[in-house]
Amino acid sequence: MTNLHSGNTNGTNGFNGFRPQAPLNDPAAPAAQDKHVNHDTIRPIRSIQQLDGRWVVTDRVARGFAPTPATRVETARAPQQRHTPPVIRRTVGERPAAVGTSGQPGTALALVRFLETSGTSQDLVAQAGQHLFDQSTTPRQSKRWLRRIIGASGLLTLGESLHGNQAVTKEVRDQAHLPAQMLSISTLLDFFGSQGLFRFVFQSTPMGGVVATAFSLFLLQVANRSGSGMVNRLKSNGTAVVSMLIFAGISTFQSLTTGVGIFLFNGQPRVVNHRAAELVAVDFERRRQRLATWRDPANNALLLADLQACETNVKQLKEVGVNNPAYQQLSVETYGLWQDRRVAPSNQPRWVLQNWPRERWPICDRAAANKADLERKIANESQQLETLEKGLQEAPSAAAFLRTSQPQVFEEHFRSRADGTVEMKDSLKAFGAAWSFFWSPPAESRSDLTLSLLMMWISIGTSGGAFLLLLHYSLKDETKMSFSELCGQHRGELLTELQRQLPDEMAEHFRELEAREHRDQRPQKDGVKLSEIDKLNPEFQTLAHLIQNGDSQVRRLAREQYFERLVDLFIQRSSVTGEIDYAYLANKVKRYWADLSVADQARVTPHGFSGSGRRP
C-alpha cells in the first residue's frame with residue numbers, strides 16, 4: 001500500500017475534517033423523495049487501483065444508474081474486492097425496512113452525514129479521505145499508549161472500563177467519567193495512605209519496602225478491578241455481587257488502615273517505643289505483684305505458724321517455771337539444746353554452722369531466719385523496682401531502657417538496624433502494635449493523630465462515594481444495555497443493513513445530482529481525469545485530493561468510495577466499541593432493549609399475578 005502520510009506540496013495530504021465537495025444536504029440538490037430504484041438497470045462504475053506496480057482503471061457494477069454509452073476500460077486483471085466487515089449473523093430482532101435515499105433519518109447516507117458532522121468521528125473522516133480507490137480500509141490505532149498502559153495495569157480506572165462494548169450511547173460514556181474518577185481517587189488515596197503501615201509491617205522482611213509497595217499495588221488493582229466488575233449487573237453475570245462485596249471489603253479495610261498508615265509515615269518510633277514501654281510495664285507489674293505476694297501473710301502460712309508457735313512456747317515457758325518436768329523439753333523445742341546454742345569459738349548456733357535443714361532448727365530460730373529472709377527479699381525487690389523506675393525516667397526511650405535492663409526480652413521482640421533505629425521482628429505483632437496505638441493512643445500522642453484521623457475520614461468518604469456512584473451507574477438501563485450481547489447483535493444487524501443499502505442510496509443520490517446539473521445545464525468541471533490518475537504523485541492520490549481536484553466523473557467516484565470507506569470504518573470501530581451515537585441507530589437499539597426487558601419481566605412473572613407486571 002502506498003504511504004499516504006509523506007510530505008505534501010499542495011496541502012491535501014494529512015487531511016483532517018474532510019467534507020465531500022457536494023454535501024449530502026446541499027440545498028441545490030433536489031428535494032429528498034423516496035423513489036423506487038430500478039435494480040434491473042446496471043451501470044459499470046470506474047474504479048482505480050494499483051496492480052503490478054501501475055495504476056489501472058477497472059469497472060465494477062453498481063445498481064441504480066441509467067445506462068450510458070459504453071466506455072473503454074483499461075484493465076489487466078479482475079478488480080480488487082472491496083473490503084467490508086463480516087455480516088453479523090441475525091439471531092433476534094427484525095430487519096429494518098428500506099427508507100428514503102436522500103439522507104433522511106435512518107438511511108445509510110444520513111449515517112454518512114452524521115459521521116461527517118460528529119466531532120467524535122473526525123478521525124474516521126480523515127482516514128476515509130486518506131485511502132486510495134478500492135484499497136482495504138483498516139482503522140488506525142490510537143497512539144495514546146500511556147492511557148492504555150495505565151488502563152491495563154489497573155492503577156487507574158478509565159471510563160470505558162465501566163460499560164460494555166455491545167451498545168454504548170454517548171450518555172453512558174459521559175456518565176462513566178465521574179464514578180471512574182471517584183473510584184480512582186479513592187483507591188489511590190488508600191494506596192498512598194496505607195504505604196506507611198505496610199512499610200512498617202514489612203520492614204523486618206528482606207526488601208521490605210518493595211514487598212510493601214507490591215502488596216499495596218495488589219490491593220489497588222483488586223479494588224479497581226472489583227469496582228469495575230460490580231457495574232455489569234445483567235442477570236447472566238453472577239460476578240457483579242461478588243465484585244461488589246470484594247470492593248466493599250477492601251475499601252473498608254484500606255480506609256481504616258489509611259489513618260494508621262498516614263501516622264506511621266513519621267510516627268514509627270513512637271509505636272516501637274510504645275510497644276517497648278508496654279513490655280517494661282509488664283515487668284514492673286510483675287515485680288509489684290511479687291512484692292504484694294510476699295507482704296501478704298496469707299501467702300506465708302509456714303512462717304506465720306512458726307512465729308505463732310514460737311510466741312506460744314515462750315509464754316508457756318514463763319508460766320511453767322524451771323522446776324516443772326516439761327520445762328526442759330519445751331525449752332529444747334523452742335531454743336535448741338544448750339550446748340548447740342553457742343558453739344566456740346564463733347558462739348554461733350550449731351544448726352547455722354553446720355547448715356542444718358530449716359525444719360530441724362528450733363522453732364524460734366527458724367521463724368526468725370525465715371522472717372529475715374523474707375524481709376531481705378522484699379527490701380531487695382523494692383530497691384530494684386525503684387532503681388528501674390528511675391532508670392526508665394532517665395533513659396532516652398523505653399526501647400533503649402529495655403535493651404539495657406532486659407536484653408533478652410529486647411532481642412525477643414526487637415532488632416537494631418545499622419542506622420540505630422529499632423524495629424519489631426514479628427510483622428503480625430507490628431501490625432497489632434500500630435493498630436492498638438492508633439485506636440488507643442497515649443494521652444501525650446493524641447494531638448499527633450489529627451491529620452491521620454482527617455485523612456481516614458476523607459478515605460471513608462471517597463470510598464463510600466465511589467461505591468454509591470458505581471451502584472447507581474450500574475442500575476441504569478443504558479449501562480445494562482451496553483453489556484447485552486443481544487443488543488450488540490442487533491446493532492450489528494442494523495449497521496449491516498445500512499451498509500447493504502448504501503450503494504443503492506448513493507446511486508439515487510448521484511442520479512439526482514446529475515439530473516439537477518443536466519437541468520441547470522451546468523458546465524462540466526475540468527480537473528484530474530481517470531486516465532491521468534496514474535500520472536499523479538502518489539502523495540496526492542487520496543480520495544480527499546481527487547474529490548477536490550478531479551473532474552466530474554472522478555469527483556463522483558471518489559465521493560462514492562469515500563462514503564463506503566467512512567461507513568466501513570464506523571462499522572469496524574462500532575464492532576469494537578459498541579458506539580451507537582447515531583440517533584436512528586441508538587433509538588432502534590433502545591427500543592429493542594426495552595422489548596427484551598419487557599419479555600424478560602414477563603418470563604419471571606407468574607401466571608395469575610395481579611401486579612403491574614405483564615404476563616407472558
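**Entry 1. Terms and overall picture**

I take a helix to be a DSSP run of H or I with at least four residues and a strand to be a run of E with at least two, both numbered from the N terminus. The model I consulted is a predicted one. I first looked up the overall content of the protein chain, which comes to 21 helices and four strands. I then noted the burial: 44% of the 616 residues of the protein chain count as buried. For the contacts, I took those between residues at least 6 apart in sequence; 71% of them join residues at least 24 apart.

**Entry 2. The loops on either side of H11**

I next examined the loop between helix H10 (338-341) and helix H11 (350-353), where Pro-345 is found. The peptide bond that runs from Ala-344 to Pro-345 is cis, and its omega is near 0°. I placed Asn-347 in the loop between H10 and H11 as well. The phi of Asn-347 is near 60°, which is a positive value in a residue other than glycine.

I then moved to the loop between H11 and H12, which holds Asn-355. Here too I recorded a positive phi in a residue other than glycine, with Asn-355 near 55°. Is Asn-355 buried or exposed? Its relative accessibility is 64%, so I entered Asn-355 as exposed, the cut-off for that class being over 50%.

**Entry 3. The disulfide**

How many disulfides does a search of the whole structure find? I recorded one. The partners are Cys-310 and Cys-364, with 1.8 Å between their sulfur atoms. I looked up where the two cysteines sit: Cys-310 belongs to helix H8 (residues 301-320) and Cys-364 to helix H12 (residues 363-394). With their positions 54 residues apart, the pair links distant parts of the chain.

I also asked why this disulfide is entered as right-handed. The torsion about the S-S bond of Cys-310 and Cys-364 is about 105°, and the disulfide is therefore right-handed. Both Cys-310 and Cys-364 are buried. I checked another cysteine, Cys-487, and entered it as buried because its relative accessible area is 0%.

**Entry 4. H12 against H7**

Since H12 carries Cys-364, I followed this helix to its packing partners. Helix H7 (residues 239-295) packs with H12 at an angle of about 155°, and their axes are 10 Å apart. H7 and H12 are therefore roughly antiparallel to each other, as the cut-off for that class is over 145 degrees. The crossing in which H7 passes H12 is left-handed.

I listed the residues of this contact. On the H7 side they include Val-280, Phe-284, Leu-291 and Trp-294, together with Asp-283 and the arginines Arg-287, Arg-288, Arg-290 and Arg-295. On the H12 side they include Leu-374, Ile-378, Leu-385, Leu-388 and Leu-392, with Lys-377, Glu-381 and Glu-389 among the others. By class, I recorded nine nonpolar, two polar and eight charged residues in the contact of H7 with H12.

**Entry 5. H12 against H13**

I then looked up helix H13 (residues 398-405), which packs with H12 at an angle of about 140°, their axes 8 Å apart. At that angle H12 is oblique to H13. H12 passes H13 in a right-handed crossing. Which residues meet here? From H12 I noted Leu-388, Gly-391 and Leu-392, and from H13 Ala-398, Phe-401 and Ser-405. The contact of H12 with H13 has four nonpolar residues, two polar and no charged. Leu-388 and Leu-392 of H12 also appear in the contact with H7.

**Entry 6. H7 against H5**

I returned to H7 for its packing with helix H5 (residues 177-201). The two helices pack at an angle of about 40°, with 6 Å between their axes. This makes H5 oblique to H7. H5 passes H7 in a left-handed crossing. I divided the residues of the contact of H5 with H7 into 15 nonpolar, eleven polar and one charged.

**Entry 7. Ala-594**

My last look-up concerned Ala-594, a residue of helix H21 (residues 583-604). Its relative accessibility is 35%, so Ala-594 counts as partly exposed. I compared its position with that of Asp-477: the two are 117 residues apart in sequence, and their C-alpha atoms are 8.9 Å apart in space.

Conventions. Residues are numbered from 1 along each chain as its sequence is written. This is a predicted model: local features need pLDDT of at least 70, side-chain atom pairs count only at pLDDT 80 or more; totals for chains, interfaces and linings use all residues. Side-chain values use heavy atoms; hydrogens and water are left out. A disulfide is a pair of cysteine sulfur atoms within 2.5 Å. Buried means under 20% relative accessible area, exposed over 50%, partly exposed in between (1.4 Å probe, protein chains only). Axes are lines fitted to C-alpha atoms, for helices over the stretch in contact, and angles run from 0 to 180 degrees between N-to-C directions. Angles under 35 degrees count as roughly parallel, over 145 as roughly antiparallel, 65 to 115 as roughly perpendicular and the rest as oblique. A crossing is left-handed if the near helix is turned anticlockwise from the far one by less than a right angle, and right-handed if clockwise. Contact means heavy atoms within 4.5 Å. Ala, Val, Leu, Ile, Met, Phe, Trp, Tyr, Cys and Pro count as nonpolar, Asp, Glu, Lys and Arg as charged, and the others, Gly among them, as polar.
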